[in-house]
Amino acid sequence: MKWLQSFVIAIAMYSKIPVPQVEWKEDNMRYAICFFPVVGMVIGIFVWLLGTAILKSNATALFFAGAMTLLPILISGGIHLDGFMDTMDALGSYGDREKKLEILKDTHCGAFAILGLGGYLVWSLAVWSGVTAEMLPVIACGYVISRSLSGISVVWFPSARKKGLARTFHDGAERKTAGIILLLIYVSACVGMLWVNCLLGMVGIACALLTFWYYYHICMRQFGGMTGDLAGFFLQLCELAQLTGIMIAGGGICK
């Protein structure tokens, strides 16, 4: 029962998928982070199916790119883009650690958040316009990989704050069990990528790991640990990096 409640909490927190309401308590939040990649599975399936349908319909490349850019945002509710924007503001401030953590908590959007979001969406549109049907199943696996690695960081990275949503999941998670489950899901998604297309899979995995390395150093050097906003920042950056690498390796840049 607790596992089911943890599943519902994870889906409710990280997506707009309708689920029954469950009271958030320490017991039923214990394994919620383990189900975070399930949202990625749902997004990946929809991206694969809808993307294939649009490409077969002979729609314009811009229409396809716009639909694929918006689809993950609609399913997730934009929760991770919010973290991306907050992080862009914090990094753009060039303030000390305390100042950056304070900016992450600020509900207002600064110039760097707006510029960061605009650049992200424009780049996403540009990359998606070069994606082919053969790349879609590989890209779909990337949504599971990004959420698995993001969940691993929530469980294993030190927390930069004593309070906050990420700290709640960090403290509530059975860290060893959750870490092992998330790692197994990550490995399974990587195997899926490689099985679909070995070359594109290797590129996607390499892009994800390089982004994870960058994210770790940002967390440790500039913020003193992980926060929910930083985890969202990583997730968005990881998905865009994988998408870019897969598109280029697949020859989409010459499409």
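What pattern does the protein follow when read along the sequence? The pattern is α-α-α-α-α-α-α-α-α-α-α. The model is predicted.

**Overall make-up**

The protein has 11 helices and zero strands. Its length is 255 residues, and 50% of them count as buried. Contacts reach across the sequence. Taking those with a separation of 6 or more, 77% join residues 24 or more positions apart. The protein exposes about 12200 Å². Carbon and sulfur atoms supply 67% of that area.

**The core**

The largest nonpolar core holds 72 residues. Five residues have the most contacts inside it: Ile 33, Trp 128, Val 131, Ile 145 and Tyr 215. Which helix gives the most to this core? Helix 7, spanning residues 136-156, does, with 11 residues. By residue number, Ile 145 lies within the span of helix 7. Tyr 215, in turn, falls within residues 198-223, the span of helix 10.

**Three residues, three settings**

The table sets out three residues by place and accessibility.

| Residue | Place | Relative accessible area | Class |
|---|---|---|---|
| Thr 211 | helix 10 (residues 198-223) | 8% | buried |
| Ile 45 | helix 2 (residues 36-56) | 48% | partly exposed |
| Asn 58 | loop between helix 2 and helix 3 (61-76) | 69% | exposed |

Start with Thr 211. This residue sits in helix 10. Is Thr 211 buried or exposed? Thr 211 counts as buried because its relative accessible area is 8%, and the cut-off for buried is under 20%. Which residues does Thr 211 touch, leaving aside its neighbours within four places in sequence? They are Phe 234, Leu 237, Cys 238 and Ala 241.

Ile 45 belongs to helix 2. At 48% relative accessible area, Ile 45 lies between the 20% and 50% limits, so this residue is classed as partly exposed. Ile 45 is also part of a nonpolar patch on the surface. The other members are Phe 46, Trp 48 and Leu 49. Together the four have about 440 Å² of accessible area. By residue number, these patch members fall within residues 36-56, the span of helix 2.

Asn 58 is found in the loop that links helix 2 to helix 3. Its relative accessibility is 69%, over the 50% limit, and therefore Asn 58 counts as exposed. What is the phi of Asn 58 near? The angle is near 65°. That is a positive value in a residue other than glycine.

Notes: Residues are numbered from 1 along each chain as its sequence is written. This is a predicted model: local features need pLDDT of at least 70, side-chain atom pairs count only at pLDDT 80 or more; totals for chains, interfaces and linings use all residues. Side-chain values use heavy atoms; hydrogens and water are left out. A nonpolar core is a set of buried Ala, Val, Leu, Ile, Met, Phe, Trp, Tyr and Cys residues joined through side-chain atoms within 4.5 Å. Buried means under 20% relative accessible area, exposed over 50%, partly exposed in between (1.4 Å probe, protein chains only). Helices (H or I, at least four residues) and strands (E, at least two) are DSSP runs, numbered from the N terminus. Contact means heavy atoms within 4.5 Å. Accessible areas come from the Shrake-Rupley method with a 1.4 Å probe; for residues, only the protein chains shown count as cover. Patches are made of residues with over 30% relative accessible area and no salt bridge: like charges are joined within 9 Å, nonpolar side chains (Val, Leu, Ile, Met, Phe, Trp, Tyr) within 5 Å. A salt bridge is a side-chain nitrogen of Lys or Arg within 4 Å of a carboxyl oxygen of Asp or Glu.
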